[in-house]
Amino acid sequence: MTLPKTCVLDSCFVIDWVKWRKRDSIKQIFSIALMPETALKELATLEPLRAVREWISSGWLTVYPHFRELEDEALEFMLNARTDPRIPRIDMPEAICAVLAKRLGSAVLTENRGILRAYSLRGDLFGRATVLNSIRLIAFLHKNGFLSGSFCELVEEYESDTKHSFSRREIEVVRKDFGI
């Protein structure tokens, strides 16, 4: 698996990722990050806001301004996803992240189950975009030599730092998908 050099950050991803001691490892893969203004507005706590400010100051992150055209496309994306009852609800900020990633052919980083399920069931909605959550990003970083230690140790460290738990089933699926 190869990843594009650009990623789009969803707020739910950022909220957890910034708590991890190895959060800057993300910059080894993505040279540019974008965060839609609508996703940024969802950040309400100090730690994610500080990290976003730091990333903007370093030039790695750019806030993508709100455009009505992008919102219209995101609404169409949400409606298309809702035609499949297996896909959990996708809200506007997450849909905007997905649509922006689709337009750019970049990766969207999210913990949103609706986006993750839509990607696995209806990849056609995403064009050239790739969708990753934190455990899949950790697997990619590990598999490609950006993080040392065992994958399971890295996941345990992430869970400990962020208080975000993954099911054992999900860990096994990711291990299998990445050949770890």
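A disulfide, for this tour, is a pair of cysteine sulfur atoms within 2.5 Å. Keep in mind that you're looking at a predicted model.

**Stop 1: the cysteines.** Searching the whole structure with that cut-off turns up zero disulfides. Select Cys97 and show its sulfur: the nearest cysteine sulfur belongs to Cys12 and sits 7.9 Å away, so with a cut-off of 2.5 Å Cys97 is in no disulfide. Cys97 has 0% relative accessibility, so it counts as buried. Now hop over to Cys152, which is partly exposed, with a relative accessible area of 31%.

**Stop 2: helix H9.** Select residues 168–178, which make up H9. Which residues here are buried? Colour Glu170, Ile171, Val174 and Phe178, because those are the buried ones. They span an arc of only 100° around the axis, which means they share the same side of H9. The general pattern is handy here: an α-helix has 3.6 residues a turn, so residues three or four places apart point the same way.

Spin the view to the face turned away from the buried side, and you'll meet the exposed residues Arg168, Arg169 and Lys176. Then turn back and bring up the partners: the buried residues of H9 pack against helix H6 (113–121), helix H7 (134–143) and helix H8 (151–162). Before leaving, click on Gly179, just after H9, where phi is positive at about 65°.

**Stop 3: the largest pocket.** Stay with H9, since Glu170 turns up again here. Select Ser120, Arg136, Glu170, Val173 and Asp177: of the 20 residues lining the largest pocket, these lie nearest its centre. The pocket holds about 550 Å³ of space. Which elements build its lining? H6, H7 and H9 each supply at least two residues, and so does strand E5 (130–132). Colour the lining by class and you get nine nonpolar, four polar and seven charged residues.

**Stop 4: the cavity.** Next, look for enclosed space. How many cavities of 30 Å³ or more are there? The count comes to one. The largest cavity contains about 40 Å³ of space. To find it, select Pro36, Glu37 and Thr38, then add Tyr64, Pro65, His66 and Phe67, and finish with Leu70 and Ile96; together they line the largest cavity. Sorted by class, that lining has six nonpolar, two polar and one charged residues.

Technical notes
Residues numbered from 1 in each chain as written. Predicted model: local features only at pLDDT ≥ 70, side-chain atom pairs only at ≥ 80, totals over all residues. Heavy atoms only, no water. Buried < 20%, exposed > 50% of the residue type's maximum accessible area, 1.4 Å probe, protein only. Helix = DSSP H or I, 4+ residues; strand = E, 2+ residues; numbered from the N terminus. Arc of directions from axis to C-beta. Contact = heavy atoms within 4.5 Å. 1 Å grid on protein atoms, 1.4 Å probe; cavity = no way out; pocket = protein on both sides within 12 Å on 5 of 7 lines; lining within 4 Å. Points joined across faces, edges and corners; volume = space filled by probe spheres on them. Nonpolar A, V, L, I, M, F, W, Y, C, P; charged D, E, K, R; others polar.
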